[in-house]
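Reader: I am in my first year and would like a close look at one part of this model, namely the place where the two chains meet. Could you take me through that part slowly and explain each term as it comes up?

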Amino acid sequence: MVSCVLCGPKLSMCGIVLSIWGVIMLVLLGVFFHIHSAILIDDVPMTGNYFISSSNITEIYDMYEKVAMNCFIAAAVYLVIGIFSGCQICMNRQRF
Amino acid sequence: MEDLYRGEEVCLAQLFLQTDVAYTSLSELGELALVEFRDLNSDLNAFQRKYVCEIRRCEDVERIIGYIENEIERANIDIPDLEGNPKAPQHREFQDIKLDVEQLERELREVESNRVKLNKNRQELLEYSYMLRLSQGCVEKSGALQRDDSLLSVYEEFSSLDKELLILETEDDSSHTMAAKLSFVSGVVSAQHLPSMERMLWRGCHGHMVLHHVPIPELMQNANTGEFVRSCVFLVSYWGEQIGMKVRKICECYHCHIYPYPESKQQQRNLVLEMHTRIEDIKLVLQRTEDYVQQKLHEAVASVGMWRVRVRKMKAIYHTMNMCRDTTASGCLVSEVWCPARDLSRLQHVLEHCSARGGHSIPHSFLNCIPTQEPHPTVMRTNKFTSAFQNIVDSYGVASYREVNPTLYTLITFPFLFAVMFGDFGHGLLMTLFALWLVLTEQRQARLAAHNEIWQMFFNGRYMILLMGLFSIYTGLIYNDCFSKSLVIFPSSWNVSAMFTHGPWQKETLKGSKVLSLDPNVTGVFSGPYPFGIDPVWNLAVNRLSFLNSYKMKMSIILGVFHMTFGVVLSLFNLVHFGRRADIFLVFVPQLVFLLSLFGYLVLLILQKWVAWGPMDSARAPSILVHFINMVLFPSTDGTIFLFRGQRGLQQFLMVLVLGSGPILLLGKPLYLYRQQRRRMCRPYRQAACARRRMENDEEDLPLMGGDGNDVVIMSGEVESDFVDRVDEKVQVDIGEEFMYRLIHTIEYCLGCVSNTASYLRLWALSLAHTQLSEVLWEMVMSSALQLPRVASAELWTRRAIGAILLFPAFALFVTLTFSVLIIMEGLSAFLHALRLHWVEFQSKFYTGTGYKFTPFSFKSILEGGAFQ
């Protein structure tokens, strides 16, 4: 690979730590939203109105699924960042 | 192995070292770091001691080595870290080192001075050559050189130089003063001085001169300071002798280098060529010198580290020998050392070994233990795990000799109390992972840590951080808090639907109020306590804080009372070890009774209320605080609901105990001493001796000793009555002093019990702060990002896209703030408060901490620690 070294050793180390944490935590969050965990009810949009106007449980579950999908997408972005940081670390090590 | 519990036994020994083997013996002892030398010559200053000349020689050599290291650094050569452990040199080897070092220094200095001279020459030649070349420019314009007397006006511009006659100025021309000739001064000046020089010349010479200047394109190096400056070649054309002198003086002021101007063009050309060759020659010589210096320095680099270490060790040995007494009569060196009792045989072995090596068949060096009254140093042997905890205990005060060492208990209580204040599963997990990484890459980090102070602090405390993290994971699971969300490991015990089926709720109830209360008395709502930790349903409850506050406050009080009681019990171990039997009954027992009757009873009340009172009678449950206050106030009790049957009687009994233990604490000891003195007065001589010994045992302010010989010096030939009187006086003063001491300590203890118990409420306070901070961070950052798909105006897929894309930086922000605020800041805060709880609340119950550390004569610590003495 002929790509240049964009980040120094410290920045790429921060990047990879952040990415690992991000991937693990966002995947877990996504899983918890997917199983409709009650603890996370305050993080799902518009649930405040639903209980008053209608008690349609499927709409609430739909919102849960949307947020879960958001979390998985963000986890995928962090995976990309992680791979990029990993490459930077390898290139930094090779240089020295 | 009593090492960490109490510290080791240390004895004072006298070493008798034969003078010829003294040096090698001390070298061995320094390598092994066995003993601590006492200064027997403390009344002498540094110049009166015996081995001053040797030390001075060592310091000379050290100075030269320092100069060599400077030169190596200036040449940008890296000095590699020293491998191995070179020993201190013998006399012959030291001479060799000295010769090597001095020779190297001589060569380096010679080369340096040569280099300076050559550089200076080169600069001058360079400037001269530039001057010749650049001033040629102005000369060319003028045409041929002629000797002419015609004057020309100088007020015209430079083009008038065409008509001017350039005449070489020589000294003998001064005879032709009537016809003032055009002469000039040429030279080089630095560019920043040029404008002011020009102005000065113009004012000074009243315009009878012309200054012509051309900047030199290359930067010239000032030979003295070594910095690079911009210079200009200048040419001052003037006529008149006086002007000439003025011009020269002015030029001198501005530190110009004046060079003579050649007569003819031919001469000029020759000069230029000559300059050129000379410059090339000098460059060559300079290059050769540089190479030579580099080569010499590279050779020296290998040995410089070793020289420094060896000379340092030699100096340390001579410093130690200065502390010994020299008995020239028997030809041996006498020194007093503190040696841990465990290492005495090793010390003996070392002495024999060195004497044997010295060629004597009979070991002449020997040691002799002597009993002493002086305070012994404290020895605590620690390994890499316990050293961090020992350091934080020592920061408060080094343990007195053979006193119970709180470190042993701090190993666990400190991380635990930290975790009670920090309790978060997620943060604890991160801390553990960080500490685990530090521990597993120990070898690598040890080298990196040496350069950065803050990193070294974290590195030294890696095991402490690991324990703190592990305990935080535990308390995080108990508090059921992971990044401010609860984990539902077991299904929750609270059931909402039961309120509909068995209880009063209907569908309309939900629309009616904002906040509804689950009633645990309704069947099926509450199915018993959660198996481990706090029920996750509380994370959704509005009155979460009321519940948690009550729980955490009571928990803090319980932990505090246990911790303090443990501290008081540790004082019992100290009293038993030092044989102060009177103190056990007159101090320890009243203290314990006081503490347990008041605060032990409070803990009992808390536990009883938790166990015996349930949701059925929660409406009429009495308040512990009110009852605890009423315990002391004794109000009328008609109609009050008691926590348990017989509470009134028990409280009255406990109050009697408390009010009884106070006076015993205050007056017990002084009365006991007084009674002893009375008994002694009736039976004077015989009792005096043993009573005095017992009294010395009982006195508080004697240094704590291991029950070694309390030698009483009984002077013979004393009159009995005088002796008794003197004893009486001493006892008299002691009782008064003892009473004051007891008064202060009793007040401190009793008031301290109350305030320290309240102080433990910081466990609750910091835990609350951590929970709230964590919750706020989640709500502000993560929750807003997760709830983004609520923007009603845009399309669904754009909404979803915004949500997903914004979650990425929001999470990064969450991570940064978690790390910086919640882990580092809260971690440091909890660390500090846990430390304070240990230092003040726990250790004030039993710890004196007035000892001093055992610092053995060790080359390793001298080399690491910097200058010796």
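Author: What follows begins with the model itself, goes on to the contact between the chains, and ends with the interior of the partner chain.

This is a predicted model, in which local features need pLDDT of at least 70 and side-chain atom pairs count only at pLDDT 80 or more, while totals for chains, interfaces and linings use all residues. Residues are numbered from 1 along each chain as its sequence is written, chains are lettered from A and ligands numbered from 1 in the order in which they are written, and side-chain values use heavy atoms, with hydrogens and water left out.

The predictor gives the complex an ipTM of 0.93 and a pTM of 0.80. For chain B, the mean pLDDT (the predictor's confidence in each residue, from 0 to 100) is 83, and 86% of its residues reach 70 or more. Residues 696–724 of chain B stay under 50 in pLDDT, and for them the model has 45 contacts beyond four places in sequence, where contact means heavy atoms within 4.5 Å.

Chain A has three helices and zero strands, in the order α-α-α along the sequence; helices (H or I, at least four residues) and strands (E, at least two) are DSSP runs, numbered from the N terminus. Of the 96 residues of chain A, 38% count as buried, a word that stands for under 20% relative accessible area, with exposed meaning over 50% and partly exposed in between (1.4 Å probe, protein chains only).

Now to the meeting place itself, where the contact takes 28 residues from chain A and 28 residues from chain B. The size of an interface is often given as the accessible area lost when the parts come together. Here chain A and chain B bury about 2,500 Å² between them, 76% of it on carbon and sulfur atoms, where buried area is the accessible area (1.4 Å probe) that two parts lose on being put together, summed over both. On the side of chain A, the residues that lose the most area to chain B are W21(A), I39(A) and N70(A), which together make up 28% of what that side buries.

The rule finds one salt bridge across this interface, a salt bridge being a side-chain nitrogen of Lys or Arg within 4 Å of a carboxyl oxygen of Asp or Glu. The side chains of K485(B) and D43(A) meet in a salt bridge, at 3.5 Å from N to O. Between the two chains, five residue pairs are in polar contact, with both residues at pLDDT 80 or more; a polar contact is a pair of N or O atoms within 3.5 Å, and within protein one must be able to donate a hydrogen and the other to accept it, while residues adjacent in sequence count only if both atoms are side-chain atoms. Helices α1 (9–34) and α3 (57–95) of chain A each supply at least two residues of the side that touches chain B, and the largest share of that side, 10 residues, comes from α3(A).

Turning to the interior, the largest nonpolar core has 60 residues, and F414(B), F599(B) and Y749(B) have the most contacts inside it; such a core is a set of buried Ala, Val, Leu, Ile, Met, Phe, Trp, Tyr and Cys residues joined through side-chain atoms within 4.5 Å. Helix α18 (residues 581–612) of chain B gives the most to this core, with 12 residues.
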